[in-house]
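Hi,

Here is the structure I said I would pass on. Have a look at it first, and my notes follow underneath.

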Amino acid sequence: AVVSTQSTGEEEVVDGFTCTHKVDDCEYLYFYQDDLSVQDTTRTILYVNQEPDCGPISVIWIIVGLILAIVLLGIIIICCWKCITMYKDKKEYKRFMEDMEKTKFAHTMSPLYNSPITKVENPIAKKM
């Protein structure tokens, strides 16, 4: 087995046992071997990979996250647009009502209005 140490970046060859241990869907890899440099000992050397192998990230969760982020951003933009238009409409309606109160003519009769109905009298028809 080949072990790479994190601090030096060097690789060492290990003749021993390879083991894995799973914690929270991450797999920790470690190697151990008997120390043969000292005679008649039960000393064991343990090599631990400091970086766990948590497997590949599921692409479906990335896609779902992006879709949710886009939808949420769209909803936020629509709500902001609605608030802005409501504010502007309220301001314009208030200005319209103030203009209506300032008018000098009656609300029912405009000075520009001319009735389309005209009464024409025939003077000859009265004599008969």
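Of the contacts in the protein with a separation of 6 or more, 22% are between residues 24 or more positions apart; contact here means heavy atoms within 4.5 Å. Keep in mind that this is a predicted model, where local features need pLDDT of at least 70, side-chain atom pairs count only at pLDDT 80 or more, and totals for chains, interfaces and linings use all residues. Residues are numbered from 1 along each chain as its sequence is written, and side-chain values use heavy atoms, with hydrogens and water left out.

On confidence: pLDDT is the predictor's own score for each residue, from 0 to 100. The protein averages 79, and 77% of the residues score at least 70. Helix α1 (residues 59–102) has the highest confidence, at 95, while strand β1 (residues 2–4) has the lowest, at a mean of 44. I'd read the start of the chain with care: over residues 1–14 pLDDT stays under 50, and the model has 24 contacts beyond four places in sequence for that stretch.

Now the fold. There are two helices and five strands, taken as DSSP runs numbered from the N terminus (helices H or I, at least four residues; strands E, at least two). Along the sequence they come in the pattern β-β-β-β-β-α-α.

Three of the strands form an open sheet with antiparallel pairing, in the order β3-β4-β5. Its edge strands are β3 (17–23) and β5 (44–48), each of which pairs on one side only. From one strand to the next the twist averages 25°, with axes as lines fitted to C-alpha atoms (for helices over the stretch in contact) and angles running from 0 to 180 degrees between N-to-C directions. Two strands count as paired if DSSP finds at least two bridges between them.

Going through the pairs, β3 and β4 run antiparallel and are joined by seven bridges. T18 sits opposite F31 in β4, and C19 is opposite Y30 in β4. The hairpin of these strands, β3 and β4, has two residues between them, and D24 there takes a positive phi near 55°. On the other side, five bridges join β4 (residues 26–34) to β5, again antiparallel. One detail from that pair is Q33, whose bridge partner in β5 is I45.

What does L29 touch, leaving aside its neighbours within four places in sequence? This residue of strand β4 is in contact with T18, C19, T20, V48 and N49. P52 is 23 residues from L29 in sequence, and their C-alpha atoms are 7.1 Å apart in space. L29 counts as partly exposed, at 27% relative accessibility, where buried means under 20% relative accessible area, exposed over 50%, and partly exposed in between (1.4 Å probe, protein chains only).

For the protein overall, 6% of the 128 residues are buried. About 12,300 Å² is exposed, and carbon and sulfur atoms supply 62% of that; the areas come from the Shrake-Rupley method with a 1.4 Å probe, and for residues only the protein chains shown count as cover.

Last, the cysteines. How many disulfides are there? The count is zero, taking a disulfide as a pair of cysteine sulfur atoms within 2.5 Å. C80 has its nearest cysteine sulfur, that of C83, 6.6 Å away. C80 is also partly exposed, with a relative accessible area of 44%.

Cheers
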